[in-house]
Amino acid sequence: IVNNVETFASAARIIELGSDFFASKGTEKTKGTKLLSISGDCEKPGIYEIEWGITIKEMLDLCGAKDTNFIQFSGPSGTVLSKQDFNRQISAEDLICGGSVMIFNSKTNVFDILKNFSNFFITESCGLCTPCRAGNYLIGERLDSIINGNATQEEIDEIHSWSKVLRDTSRCGLGKTSTNFITDALEKFPELFKKKAQKTKEFDLKAALNDYYDTVKNN
């Protein structure tokens, strides 16, 4: 039997207080409590034991998080949450959580967060399968292009199809979930990506030809 500290702690609580007490906590489908490791932009980071069913807003109030803009829920391979998710429930019925909660306020550059996660997956890939080895590298390259304002909206949208390839063809869970952070961010913060794409200049054929003719003439 393979278990972790959280499982043993729950088992001890059930033995001590009884299964009825444990089952009285939580929601219909998610009984008991959950340990969350909360870090980032909050006044009281640390380990929290919460009752399944509390909302994201209630969790943020517990840890003293203010001006929260971006939450990485369940680690880099988990789910990106924005302000529109604050009334959602932490439970199997809505948002299941592995335990990791990273909180970022509006002063933190979202693209810095995404780049950090991208580097993590590039480093952590074992390199055994091509989709994960090459795919995560290409995602990182495309992210750099977006950050520098050199990607068109079509190139940004390509990330969704690349992500599907990684999910469908990677050998293990790392590759299958390694693009969750960026596809979720594209969904939750579309205006940030559109703003970056708008900086990309459209190719002007007439101007390019004039520049070419001027170059030829001068030479």
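## Strand partners and a helix crossing

In this predicted model, Phe-70 has Phe-104 of strand S5 as its bridge partner. Let's work outward from that pair.

**Exercise 1.** Find how strand S3 (residues 68–73) pairs with S5, and decide whether S3 is buried or exposed.

*Solution.*
- Step 1: Start with the pairing. S3 and S5 (residues 100–105) run antiparallel and share 5 bridges.
- Step 2: Apply the cut-off to S3, where buried means under 20% relative accessible area.
- Step 3: By that criterion 6 of the 6 residues of S3 are buried, so the rest of the structure largely encloses this strand.

**Exercise 2.** Describe how S3 is joined to strand S4 (residues 79–81), and say which residue of their hairpin takes a positive phi.

*Solution.*
- Step 1: S3 and S4 are antiparallel, with 3 bridges between them.
- Step 2: For one of the residue pairs, look at Gln-72, whose bridge partner in S4 is Val-80.
- Step 3: The hairpin has 5 residues between its strands, and Ser-74 has a positive phi near 75°.

**Exercise 3.** Classify the crossing of helix H4 (residues 110–124) and helix H9 (residues 190–197), then list what makes the contact.

*Solution.*
- Step 1: The two axes come within 11 Å and cross at roughly 95°.
- Step 2: Angles of 65 to 115 degrees count as roughly perpendicular, and H4 and H9 therefore fall in that class.
- Step 3: H4 contributes Val-110, Phe-111 and Leu-114, while H9 contributes Leu-192, Phe-193 and Lys-196.
- Step 4: Sorted by class, the contact has 5 nonpolar residues, no polar ones and 1 charged residue.

Conventions:
Residues numbered from 1 in each chain as written. Predicted model: local features only at pLDDT ≥ 70, side-chain atom pairs only at ≥ 80, totals over all residues. Heavy atoms only, no water. Axes fitted to C-alpha atoms, helices over the stretch in contact; angles between N-to-C directions. Helix = DSSP H or I, 4+ residues; strand = E, 2+ residues; numbered from the N terminus. Parallel < 35°, antiparallel > 145°, perpendicular 65-115°, else oblique. Contact = heavy atoms within 4.5 Å. Nonpolar A, V, L, I, M, F, W, Y, C, P; charged D, E, K, R; others polar. Buried < 20%, exposed > 50% of the residue type's maximum accessible area, 1.4 Å probe, protein only. Pairing = 2+ DSSP bridges.
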